[in-house]
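Let's take a walk through this model, starting with its charged side chains and ending in its nonpolar interior.

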Amino acid sequence: MVAITGTLVQSYGICKRQTWLMAHQIIPDQEHPYIEIGRLLDQETYSRDKKKINFENVVLDIIRSDEGDIVVGEVKKSSKAQESARLQLAFYLYKLKQSGVDAKGLLLFPEERKRIPVELTPDLENELESIFKGINAVVLRDTPPPPEKIGYCKNCGYREFCWS
Ligand code: SF4
């Protein structure tokens with residue numbers, strides 16, 4: 001079984017080749033501007049009410065305890081890949097639930113002043129479980145799926161790797 005991470009869940013919704021490359025420890029270009037912006041956003045945004053906790057192999061941003069609820073925030077630069085970001089956050093809620101912690105999620109797009117609540121419903125849990133199977137099938141391949149040009153490629157850390 002592959003060790004599923006939030007990053008793999010997110011990438012699976014974007015590009016299965018990226019999922020394979022990440023799972024096989026092929027390091028993306030860290031100098032890529034998109035990654036750099038993501039890092040800066042992570043450091044600077046919501047710093048007043050953010051608290052990071054390490055949970056298994058992920059770092060979660062607990063941004064607020066609202067009326068006793070635990071709310072896990074995930075900050076993204078852009079809502080273009082909103083659906084895969086939603087699944088990534090749902091995965092964290094799923095893992096927390098497995099550890100006996102019921103939490104709600106909040107996707108944050110500070111540059112767009114947008115917030116999307118995410119709740120772990122039974123349907124969403126089923127969807128995640130089928131994604132886990134899909135990730136396993138992709139990662140266990142001997143070679144990565146071939147590259148396919150998609151809009152995300154221009155912002156992807158593997159762009160040079162796939163297209164040069
Ligand atoms: S550059 Fe494009 S094809 Fe290659 S991993 Fe990234 S998104 Fe996938």
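**Charges first, then the core**

Glu-83, Arg-86 and Glu-127 are joined in a network of salt bridges (a side-chain nitrogen of Lys or Arg within 4 Å of a carboxyl oxygen of Asp or Glu). Keep in mind that this is a predicted model, where local features need pLDDT of at least 70, side-chain atom pairs count only at pLDDT 80 or more, and totals for chains, interfaces and linings use all residues. Residues are numbered from 1 along each chain as its sequence is written, and side-chain values use heavy atoms, with hydrogens and water left out.

Within the network, Glu-83 and Arg-86 come to 2.9 Å at their closest N and O atoms. They sit 3 residues apart in helix H4, so about one helical turn separates them (helices are DSSP runs of H or I, at least four residues, and strands runs of E, at least two, numbered from the N terminus). Arg-86 also meets Glu-127, at 3.7 Å from N to O. Because Arg-86 lies in helix H4 and Glu-127 in helix H5, that pair ties together parts 41 residues apart in sequence.

Now for the interior. The largest nonpolar core has 33 residues, and Val-9, Leu-128 and Ile-135 touch the most other members. Such a core is a set of buried Ala, Val, Leu, Ile, Met, Phe, Trp, Tyr and Cys residues joined through side-chain atoms within 4.5 Å, buried being under 20% relative accessible area (exposed is over 50%, partly exposed in between; 1.4 Å probe, protein chains only). H4 gives the most to this core, with 9 residues.
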